[in-house]
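Subject: Structure for you to look at

Dear colleague,

I am passing on a structure that I would like you to open alongside this message. Please have it in view while you read the notes that follow.

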Amino acid sequence: MELTGAEIAIRCLQEEGVEYIFGYPGGAVLHIYDALFQQEKVKHILVRHEQAAIHAADGYARSSEKVGVALVTSGPGITNAVTGIATAYMDSIPMVVISGQVPSYAIGEDAFQEVDAVGITRPCVKHNFLVKDVKDIATTIKKAFYLAKSGRPGPVLVDIPKDISNQKTEFLYPDSVNIRSYNPVGKGDIAQVKQAVQLLLGAKRPMVYSGGGVVLSGASTQLTELVRLLGFPCTNTLMGLGAYPAGDKQFVGMPGMHGTYEACMAMQHCDVLLAVGARFDDRVVGNVEHFAQVPRKIIHIDIDPSSIAKRVKVDVPVVGDLKLVLEQMLDVLRSSKQMPDASNLATWWKQVDEWRVKGGGLRYKNSTEIIKPQFVIEKLYEITGGDAFVTSDVGQHQMWAAQYYKFNKPRRWINSGGLGTMGFGLPAAMGVQLINPGATVACVTGEGSIQMNIQELSTCKQFHLPIKVVSLNNRYLGMVRQWQEFFHGNRYAESYMDALPDFVKLAEAYGHVGMRIDKPSDVEPALKEAFARKKDLVFMDFQTDPTENVFPMVPGGKGLSEVILSEDL
Amino acid sequence: MRHIISLLMENEAGALSRVAGLFSARGYNIESLAVAPTEDPTLSRMTIVTSGSDAVIEQINKQLNKLIDVAAVMDLSEGEHLERELMLVKVRAEGKAREELKRKMAVFNGRLIDESDRTCTVELTDTCAKLDEFLQVIGRDLILETVRTGASGIGRGERILKL
């Protein structure tokens with residue numbers, strides 16, 4: 001039987017086992033929405049802005065191992081989606097975005113709601129397609145899913161002109177696709193793996209630096225096993241939090257701009273660094289010249305060769321899927337029957353522990369007068385038993401959440417690490433809640449970020465998503481204010497958030513529960529009450545200290561050991 | 001250092017813009033870029049002349065390989081290779097100057113492909129450096145138009161880039 005292109009597109013999603021798609025209708029996708037309407041397998045979540053559709057699909061993907069799917073119309077539909085797509089691209093999130101396009105015969109004529117979707121998204125997708133023949137829809141969507149989730153994952157766009165979605169052809173969904181120019185790697189080169197293991201065994205001051213790739217590859221178990229077997233200190237980047245349990249004694253915290261003192265110092269002073277699915281980005285290693293002053297051997301495992309030796313020189317590169325490579329390393333290590341020298345390791349740990357003491361751990365001066373943002377996160381951690389899915393927006397609150405919520409499992413910490421997209425948290429939480437029904441989902445945000453996608457409170461109402469919004473309201477774009485205080489002579493250019501809405505009334509207007517918390521003594525009771533309301537979205541507007549800064553801090557462009565500790569101590 | 005990179009890519013709409021976009025987005029140099037389909041019409045062969053430090057060239061190779069439409073990449077300058085560029089140059093050639101031009105053209109193994117009362121058009125195929133040299137010998141004052149294809153490169157002997 002012949003089906004329309006639109007029907008085929010939806011059938012493809014069914015074949016891929018897609019449960020939810022996030023989208024917003026419009027002229028160019030009317031046929032696809034019509035096909036969606038006439039079936040029940042794929043459920044559609046109507047967002048209030050296309051950017052949110054992408055972030056929701058993104059949160060859905062990050063918190064599961066699935067591909068997120070979004071559907072948007074042509075023109076402004078796809079341009080609104082671009083921020084979300086770029087966010088997913090920077091963090092290598094598997095995603096398929098289907099966009100409508102003006103009819104193929106009108107392309108290039110500046111038709112109503114026409115934009116070159118493939119051109120506009122080209123620098124921020126793993127790949128994209130413009131479907132020019134209805135017969136190509138099924139294979140194109142199959143390819144899109146394959147590309148999105150294989151190799152280094154990423155978003156893939158499929159742009160379907162309106163006339164193509166209305167033409168008919170036989171539907172045949174291929175079992176597999178072969179793309180001759182694309183061959184993702186699996187295992188690592190065994191000689192490289194052996195060399196890496198030898199280097200680790202001979203290390204005197206070893207350090208494991210693991211990133212978001214470990215989460216994406218599902219290699220958390222293998223990483224944890226290797227680190228424990230070797231007895232080395234381990235750090236997780238912002239994107240990798242939870243991949244190695246934060247509660248473990250070998251965990252030294254997050255490295256980089258707002259990482260712990262001990263993580264920064266150990267990264268800087270180690271003699272062998274094992275980088276696993278991390279990319280030495282500027283927020284981790286601010287100044288590569290400074291980093292290179294200390295001689296060390298670097299082993300870098302990554303699925304993407306272009307991530308290796310991009311910012312720092314690497315001695316032993318291993319290209320492969322982290323999960324498989326780490327298994328290879330475990331095998332080689334076990335069969336070697338060797339272990340790193342215990343006395344060297346003990347000396348190194350003594351040094352690391354001294355840094356732990358000197359850094360004083362993550363700390364802040366609590367107050368009985370004014371709510372400290374860190375205190376809210378600590379209480380959030382306690383009350384949720386450390387087991388919530390935590391999404392965040394971008395800024396100081398993001399760093400405090402990353403520092404003070406101790407993630408012990410992967411895929412629990414959902415944030416825009418690479419692109420740093422404000423407005424990510426709430427829509428991402430929607431995707432997380434949908435794929436994890438019944439789970440506790442908290443969105444840590446601020447009064448600045450939340451207003452970038454506040455309209456999604458309406459989506460949350462429609463689809464009964466009981467997200468707990470933890471807003472650290474300091475009346476400032478806090479991270480901007482912090483940089484202005486440190487580096488721009490206290491000139492707070494446009495970082496004060498004036499004319500804020502009454503968030504309690506706003507939450508209520510959307511049909512949710514709103515709470516305003518002014519006193520430190522009310523923090524815990526408020527959180528308890530909010531999280532006890534299993535069925536409600538509760539918006540907690542915490543009035544926090546506007547002058548609080550994030551510490552430790554490695555200023556931009558500085559070296560890891562040039563870390564500034566809390567000014568209070 | 002100057003590098004000449006060859007690649008095979010899917011002969012599809014937009015493939016060229018992916019390569020060009022990669023170079024501009026990441027701030028890499030393109031000195032020239034030449035592209036056309038191969039004996040297999042589904043594949044295009046591209047030759048890119050670029051320059052950069054070793055680290056930049058390594059990244060260029062890796063980033064090109066990462067493009068889904070790119071099937072194979074070879075840095076020709078890493079081994080023995082040949083390169084040729086085609087140039088068409090229209091020169092003001094009146095009176096004695098015409099004889100002078102023809103003499104110089106012969107030295108460079110050029111071909112006269114068009115003549116009018118006041119102009120000559122020369123076709124020249126050689127290395128980029130040789131073409132530069134020819135232009136210098138003729139002199140900017142007499143040159144009316146220069147059209148160059150950019151270098152095309154191929155490995156020597158058994159050095160083959162094929163799927």
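Before anything else, please keep in mind that this is a predicted model. I begin with the sheets of chain A.

In one open sheet of chain A, strand 11 (residues 272–276) and strand 12 (residues 297–302) run parallel and are joined by five bridges, and within this part of the chain A:V276 is found opposite A:I301 of strand 12. The sheet has five strands, arranged in the order 10-9-11-12-13 with parallel pairing. Its edges are formed by strand 10 (234–236) and strand 13 (316–319) of chain A, each of which pairs on one side only. If direction is ignored, neighbouring strands of this sheet are turned against each other by 15 degrees on average. Helix 8 (residues 190–201) of chain A packs on the sheet, where it touches strand 9 (206–210), strand 11, strand 12 and strand 13, and the direction of helix 8 makes about 135 degrees with that of strand 13.

Chain A also holds an open sheet of six strands, in the order 15-14-16-17-19-18, and here too the pairing is parallel. Strand 15 (413–414) and strand 18 (513–517) of chain A stand at the edges with a single partner strand each, so one side of each has no neighbour in the sheet. Within this sheet, strand 17 (residues 468–473) and strand 19 (residues 538–543) of chain A pair in the parallel sense over six bridges, and A:K468 stands opposite A:V538 of strand 19. Helix 15 (residues 373–383) of chain A packs on the sheet by touching strand 16 (441–446), strand 17 and strand 19, with its direction at about 160 degrees to that of strand 17. Helix 21 (residues 520–532) of chain A packs on the sheet as well, touching strand 17, strand 18 and strand 19, and its direction makes about 170 degrees with that of strand 18.

Two helices of chain A deserve a slower look. Helix 3 (residues 50–62) of chain A has 13 residues and reaches 18 Å from its first C-alpha to its last, which is close to the 18 Å expected at 1.5 Å a residue. Since 13 of the 13 residues of helix 3 of chain A are buried, this helix is largely enclosed by the rest of the structure.

Helix 14 (residues 342–359) of chain A has 18 residues, which at 1.5 Å a residue should span 26 Å, and this agrees with the 25 Å between its end C-alpha atoms. Which residues of helix 14 of chain A are buried? They are A:W348, A:V352, A:R356 and A:G359, and because they cover an arc of only 95 degrees around the axis, they lie on the same side of helix 14 of chain A. On the other side of this helix, A:S343, A:A346, A:K350, A:E354, A:V357 and A:K358 are exposed. The buried residues of helix 14 pack against helix 11 (261–269) of chain A.

The surroundings of helix 14 are also worth tracing. Just after helix 14 of chain A, A:G360 takes a positive phi of about 75 degrees. The loop between helix 13 (322–336) and helix 14 of chain A contains A:D341, which counts as partly exposed because it has 14 C-beta neighbours inside 10 Å. The C-alpha atoms of A:D341 and A:K372 are separated by 44 Å, although these residues are 31 residues apart along the chain.

I turn now to chain B, which has four helices and nine strands and, read along the sequence, follows the pattern β-α-β-β-α-β-β-α-β-β-α-β-β. Its C-alpha atoms fill a box of roughly 55 × 35 × 35 Å along the principal axes, and buried residues make up 28% of its 163 residues. Among contacts in chain B between residues at least 6 apart in sequence, 73% join residues at least 24 apart.

Finally, there is the contact between the two chains, which takes 16 residues from chain B and 14 residues from chain A. On the side of chain B that touches chain A, the elements giving two or more residues are helix 1 (15–25), helix 2 (54–66) and strand 4 (70–75) of chain B, and the largest share, five residues, comes from helix 2 of chain B. By class, this side of chain B has five nonpolar, five polar and six charged residues.

With kind regards

Note on methods
Residues are numbered from 1 along each chain as its sequence is written. Chains are lettered from A and ligands numbered from 1 in the order in which they are written. This is a predicted model: local features need pLDDT of at least 70, side-chain atom pairs count only at pLDDT 80 or more; totals for chains, interfaces and linings use all residues. The expected span of a helix is 1.5 Å times one less than its number of residues. A residue is buried if 20 or more other C-beta atoms lie within 10 Å of its own, exposed if 12 or fewer, and partly exposed in between; C-beta atoms are placed from the backbone. Two strands pair if DSSP finds at least two bridges between them. Axes are lines fitted to C-alpha atoms, for helices over the stretch in contact, and angles run from 0 to 180 degrees between N-to-C directions. Two residues are in contact if their C-beta atoms, placed from the backbone, lie within 7 Å. Ala, Val, Leu, Ile, Met, Phe, Trp, Tyr, Cys and Pro count as nonpolar, Asp, Glu, Lys and Arg as charged, and the others, Gly among them, as polar. The arc is that of the directions from the helix axis to the C-beta atoms.
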